[in-house]
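User: Please give a close account of one part of this model, the open sheet, and of the contacts that surround it. I should like a connected description that I can follow residue by residue.

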Amino acid sequence: MEDGSEITVEDLFDPATEIDLTGVSIGSRDGFDTIAARGGVEITENIPDGTITSAPTITAYGIWGEHGFASVEISDGSVSGSLEGVPFTGDFGSATAYAVGDASGTNPEGTGSATWSGVAEAASTGTFQRRRGSATVTIADLSRPRAGVEIDVPGFAIDSPAWSDMPLVDGAFASGSAGTDRLEGNFHGPDHGEAWGVFDTGAHVGAFGAKRAP
């Protein structure tokens, strides 16, 4: 990124997980660089009176800009172990989202309005399927800045009225409750050129990146 930091494929994944990569695909979408990375891992944990071993396949879908990046990570696989000497097996799935980068730490200023347009990645927390969509961030009055974020994923109701008029504090915005209608993000880079964030509606988790219109 322009701030001098380097982002690697491994940064798409949970930093606590050592991934054995099996595939990487790089592309672009609506002005952003994109990447899909897939890998596997085996984790064994000791628990009271037993052990648990999980062996998920993890796929991360990343979005790159000049001043930030975001990723949605989907895991699915098997779990096995023993509890009080009784063996068990099963399957599991999970989905998480991340957004990081060069946060501005200040609010956009000026007169008139401003719009940031970009892309969103999401995952169902029920089926753990990937969803792709768009993101639009607006400030209707830069002299009294409040942020509105619209997430549009065709065929799925992910957007929330709580995201339409969020106060700004040092370039950051947030609204809602985790598992219901939570969204949080920041403006990034010089002149607040990008906006990045994550969301959690209970049915979906996701991340977005957007670039400021000239």
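Analyst: A convenient point of entry is Ala-172, whose bridge partner in β12 is Asn-186. This pair belongs to the antiparallel contact between β11 and β12, which are joined by 4 bridges. The model is predicted, and the description below should be read accordingly.

The contact between β11 and β12 lies at one end of an open sheet of 8 strands, in the order β10-β9-β8-β7-β14-β13-β12-β11, with antiparallel pairing. The edge positions are held by β10 and by β11 (172–175), each of which has a single partner strand, so one side of each is left without a neighbour in the sheet. In general, strands of a sheet pair through backbone hydrogen bonds, in either a parallel or an antiparallel sense.

The next matter is the packing of side chains. The largest nonpolar core has 23 residues, and those that touch the most other members are Ile-151, Phe-173, Leu-183 and Phe-208. Two or more residues of this core are given by each of β7 (114–124), β8 (130–139), β9 (146–152), β12 (182–188), β13 (194–200) and β14 (204–212). Of these elements, β7 supplies the largest share, namely 4 residues. A separate second core of 12 residues has among its members Val-72, Ala-95, Ala-123 and Val-205. Such grouping follows a common pattern: in soluble globular proteins, nonpolar side chains tend to be buried together.

Strand β7 also carries charge. Glu-121 forms a salt bridge with Arg-29, with a distance of 2.9 Å from N to O. Because Glu-121 lies in β7 and Arg-29 in strand β1 (residues 20–29), this pair ties together parts that are 92 residues apart in sequence. Both Glu-121 and Arg-29 are buried. For Glu-121 the relative accessibility is 2%, and the residue therefore counts as buried, the limit for that class being under 20%.

Glu-121 has a further charged partner, Arg-130, and the closest N and O atoms of that salt bridge are 2.7 Å apart. Arg-130 has a relative accessibility of 34% and so counts as partly exposed.

Another salt bridge involves β9. Asp-165 and Arg-146 are joined in this way, their closest N and O atoms lying 2.9 Å apart. Asp-165 lies in the loop between β9 and β10 (166–167), whereas Arg-146 lies in β9 itself, so the pair ties together parts that are 19 residues apart in sequence. Asp-165 is partly exposed at 45% relative accessibility, and Arg-146 is also partly exposed, with a relative accessible area of 38%. Elsewhere, shared partners link Arg-29, Glu-121 and Arg-130 into one network of salt bridges. The structure holds 4 salt bridges, including those described here.

Two loops of the sheet contain a residue other than glycine with a positive phi. In the loop between β7 and β8 this residue is Phe-128, with phi near 60°. Its relative accessible area is 23%, and Phe-128 is therefore classed as partly exposed. In the loop between β12 and β13 the corresponding residue is His-192, whose phi is near 55°. With a relative accessible area of 11%, His-192 is classed as buried.

For context, the strands β2 to β5 may be set beside this part. Strand β2 (residues 32–40) pairs antiparallel with β4 (residues 50–64) over 8 bridges, and Ala-36 has Tyr-61 in β4 as its bridge partner. Strand β3 (residues 43–47) is joined to β4 by 5 bridges, again in the antiparallel sense, and Thr-44 stands opposite Thr-53 in β4. The hairpin formed by β3 and β4 has 2 residues between its strands, and Asp-49 in the turn has a positive phi of about 70°. A further hairpin leads from β4 to β5 through 3 residues. Strands β4 and β5 (residues 68–83) run antiparallel and are joined by 15 bridges, one pair being Thr-59 and its bridge partner Ile-74 in β5.

To return to the sheet itself, β7 is the strand that gives the largest share of the largest core, and it also holds Glu-121, which meets Arg-29 of β1.

Conventions
Residues numbered from 1 in each chain as written. Predicted model: local features only at pLDDT ≥ 70, side-chain atom pairs only at ≥ 80, totals over all residues. Heavy atoms only, no water. Core = buried A, V, L, I, M, F, W, Y, C linked by side-chain atoms within 4.5 Å. Buried < 20%, exposed > 50% of the residue type's maximum accessible area, 1.4 Å probe, protein only. Pairing = 2+ DSSP bridges. Salt bridge = Lys/Arg side-chain N within 4 Å of Asp/Glu carboxyl O.
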